[in-house]
Amino acid sequence: MGKNLVIVESPAKAKTIGKILGADYTVKSSVGHVRDLPQRTLGVDIEHEFEPKYVLAPNKAKVVDELRKAARECEAVFLAPDPDREGEAIAWHLHEVLAAAAKGKPFFRVQYNEITPRAVRAAFEHTGEIDMARVDAQQARRVIDRIVGYTVSPMLWRRIKRGLSAGRVQSVALRLVCERERQIQAFRPEEYWVLGASLSKSGEPGEQFTVKLVRVDGEKPAVGSGTQAAALLEDLRGRELRVAEVRRRTVTRRPLPPFITSTLQQAASSVLGFSPHRTMSLAQKLYEGLDLGQGGPVGLITYMRTDAPSVSRDAQEAARAFLLEQYGAEYCPDTPPVYRSRANAQEAHEAVRPTDVTRTPASLAKQLSPPELKLYDLIWRRFLASQMTAARIDQRTVLVDSLPPPAQQHRYQFSATSSEIAFPGFLKIMAIDIRKSLDNGSGKEENGGAEDDSDEIEKLPQVSEGEALDLVKWLSERKETKPPARYSEAALVRALEANGVGRPSTYAAIIETLAQRDYVKREKRNLAPTALGHQVNDLLVDKLGALFDVGFTASMESSLDEVEEGRVAWRKLMADFYARFSGWMENAREPAADREKVQAVLGELQQVSAWAPALKRGRRTFDDAKFVASVAEQLEGGGRPVSERQLDTLVKMALRYREQIPGVTERMRGLGFDELANAEKTQPPRPETAAKCETLRGIELSEDQRRFVGSLEQQTLTGRRLSPAQAAALDRILIANARQIPDFEKVCASLGIVAAPEALEPDHESPALLAALGKVTQWREATKRGKRVFDDKAFYESVAAQFARKGALSPRQRAAMRKLIFRYREQMGDFEQLKVTLGLQHAPEDKPRKTDEP
């Protein structure tokens, strides 16, 4: 083992750096964070200055043990995670976890912006210490996010459904998406017309061009109906058209700055169709190093989480040398360009750029995967272009007047503009339509409204002032204003960045979280809120609008920056935040219920002498008697008032015990609970439900079916009616096991079950198919695709067990077995005879089976 221990956060990065440093260094990976707040408790001692209670991260015990062992055996520990807040926090947690094992050995913080031999060796020659201000900023963010999520999420569970989550930043992003959707829904299109003409030079009908109407009596035209358009065209009819003016100008187009995280994600989305998550995953690989067959992995780009477009002097000089050699002096500006950051940028790192500009995309075509190469090409071209001279574009605009006859007074002017590249400059390596404005690569108009009806055309003939032109035809086109576009993933990143919400390291994760929570869905590369997303957003905005406000979230990001800069203590930031947060949460509490109504319903429930048994669902136990007692105690205690939600639960409970409380339904109506009294879920269980459960109790069910039926039976015993979905699921289980139930047709009739005729048809095919597959001795290995496992042997064993229990298999399962027989035909003996016996006509498409195929 090397005498120096180096710890990074990823195995790929460890491999690359290990090759660079050599035998004197042992490089190990922490595989991300080694400590975090506990998963099932708040993990923050609010009473003692918000002290975090860190524990080992899940599944990290083995990793930490290995690192401790290495720390005991080394002479010095070098902490080399990423150069940002998360990386600094990882370094600090590693120090805290390993300090005892290291027994006084020195710890050094190592930071680098690119994983190249030069940069890594320079970093190890200039080590530093852990930046506790940066660590504190990360701790503050983590603690705030935990308090918000841990406190607000239960509100969603109570009012919508369990398992939902709220997040300080993710909920603001959801708010942006939902508000844009509401704008789209409220939008009403307005009609407008664009008028123009197709013209040609006099006597030269082959060289036509199009002009657009730009002035009517010196004013911009506003044509809002077909009637107006027709009237204008009628007024134009018969007029002479003549060139009024030819304007020439040279436009300078400057290159865009090199990528920062947000603009990289936006450009990769619009140009390559990559999601932000995929972009960052590919960029991580390019940064950490790929094996190019030149003595080990090489980092190809600089650190990809950055909000500063700055470039090091060395990188600029390398780019200038490359430009001079490849393109000539005219493509290299006299002085290197300087790009400014946005106002609230942290500016901790350089822009995203190639580590070696001479490593062209063409030279890497055989070493990188197609997606990796596309992203590298995008980064390489953007960086190189950013260091080149501006493009010069010659623009020529022709203004055409329609001269009015004596009897007509209105004057009309038309315009057309064409652009030609006079000097390409950076366009030499950037394929950009010069007729479009150069934005950050979004490629889309996000604000809706009228379309861009510019007068830009591809080519203009040479004309001179005063020259008469021939009319080919008048042009008119009806258009409508457009609603704002839905956010694409790139556009949402741009909106988050513009509003100061989130940071470069969080943009992709925010969008992935919204999608995974089913708050948004992707539709044609755009983000649309789901019904659940709208429901969550509406509740959060209604109850905690100030917390999940774009402005407040942006101000919190600025405050975290101040902590990182050492200007604000993180515990003071926490205290200020928590004071405001507590007030918001207090205002968000459910309204107190009417005390007299609560007393009245509790009085009704005093008549209950036989309480239903407690109902257990997962880890939660529902006990009617205990709930009523706790609400009564809460009411008498005079502390926290009984909520409307608790009162509704009491009313539902009283209605369930209607047999022990005569007349309770009418009395609940008298208290104003008509809706609950009429609701199906407050009605007693259906009489046939108990009979269905009794029928299933006498037959063999799978473990999952038995557990599910048992839970429904317990629910019925506690007086709770099954929902329509639960009742339908119970019927499906009965139908699936029809062959085990004597006189099933009579049972269906008596219990009101509608079963398809095929449910009772004998299954003569499955025994032969199972017997054939029983001959297989060598099964293919299971394969995994994403979260799904495909295992032929497990599938066979599953359907065999189902047939033994049910006596039949579904047509889909039988079709799957026929495919398996063809796949394993070499183990079937006389396969041609078997085909005849089983009636197999041809080999179906060969695909692996999923282990849980029904």
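These questions and answers walk through helix packing, cores and single residues in a predicted model.

User: At what angle do helix H1 and helix H4 pack, and is that roughly parallel or roughly perpendicular?
Analyst: Two packed helices are described by the angle between their axes and the distance between the axes. For H1 (residues 11-21) and H4 (residues 117-125), the axes lie 10 Å apart and the angle is about 75°. Angles from 65 to 115 degrees count as roughly perpendicular. So H1 is, relative to H4, roughly perpendicular.

User: Which residues make the contact of H1 with H4, and how many of them are charged?
Analyst: H1 contributes Ile17, Ile20 and Leu21. H4 contributes Pro117, Val120, Arg121 and Phe124. By class, six are nonpolar and none is polar, and the number of charged residues is one.

User: What is the angle at which helix H6 and helix H13 cross?
Analyst: H6 covers residues 170-186 and H13 covers residues 507-516. Their axes come within 10 Å. H6 is therefore roughly perpendicular to H13, with a crossing angle of roughly 70°.

User: Which residues of H13 touch H6, and how does the contact divide by class?
Analyst: On the H6 side, the contact uses Gln170, Ala173 and Leu174. On the H13 side, it uses Ile510, Thr513 and Leu514. The classes are four nonpolar, two polar and no charged.

User: Is Ile510 buried or exposed?
Analyst: Ile510 sits in helix H13. Apart from neighbours within four places in sequence, it is in contact with Val169, Gln170, Ala173 and Leu496. Its relative accessibility is 7%, and the cut-off for buried is under 20%. Ile510 is therefore buried.

User: How far does helix H11 reach, from its first C-alpha to its last?
Analyst: H11 runs over residues 370-386, which is 17 residues. At 1.5 Å a residue, the expected reach is 24 Å. The model's value is close to that: 24 Å.

User: Which elements do the buried residues of H11 pack against?
Analyst: Many names are on the buried list for H11, including Leu375, Tyr376, Ile379, Trp380 and Phe383. In soluble globular proteins, nonpolar side chains tend to be buried together. The buried residues of H11 pack against helix H8 (261-272), helix H9 (276-288), strand S12 (290-291) and helix H10 (313-326).

User: Which element gives the largest share of the largest nonpolar core?
Analyst: This core has 60 residues, and Tyr112, Leu300, Ile301 and Leu375 touch the most other members. Elements that give it two or more residues include strand S1 (4-8), H1, H4 and H8. The largest share is eight residues, and it comes from H11.

User: Which residues does Leu375 contact, beyond its neighbours within four places in sequence?
Analyst: Leu375 is one of the buried residues of H11. It is also among the core members that touch the most others. Its contacts are Leu264, Ala268, Leu272, Phe274, Thr279, Leu282, Ala283 and Leu286.

User: How many residues are in the second, separate core?
Analyst: Leu37, Ile144, Leu547 and Ala588 are among its members. The second core holds 59 residues.

User: What is the relative accessible area of Arg146?
Analyst: Arg146 lies in helix H5 (residues 132-159). Not counting residues up to four places away, it touches Leu37, Pro38, Gln39, Thr41, Leu42, Gly43 and Val44. Arg146 is buried, because its relative accessible area is 11%.

User: How far apart in space are Arg146 and Gly167?
Analyst: The two are 21 residues apart in sequence. From C-alpha to C-alpha, the distance is 8.5 Å.

Conventions:
Residues are numbered from 1 along each chain as its sequence is written. This is a predicted model: local features need pLDDT of at least 70, side-chain atom pairs count only at pLDDT 80 or more; totals for chains, interfaces and linings use all residues. Side-chain values use heavy atoms; hydrogens and water are left out. Axes are lines fitted to C-alpha atoms, for helices over the stretch in contact, and angles run from 0 to 180 degrees between N-to-C directions. Helices (H or I, at least four residues) and strands (E, at least two) are DSSP runs, numbered from the N terminus. Angles under 35 degrees count as roughly parallel, over 145 as roughly antiparallel, 65 to 115 as roughly perpendicular and the rest as oblique. Contact means heavy atoms within 4.5 Å. Ala, Val, Leu, Ile, Met, Phe, Trp, Tyr, Cys and Pro count as nonpolar, Asp, Glu, Lys and Arg as charged, and the others, Gly among them, as polar. The expected span of a helix is 1.5 Å times one less than its number of residues. Buried means under 20% relative accessible area, exposed over 50%, partly exposed in between (1.4 Å probe, protein chains only). A nonpolar core is a set of buried Ala, Val, Leu, Ile, Met, Phe, Trp, Tyr and Cys residues joined through side-chain atoms within 4.5 Å.
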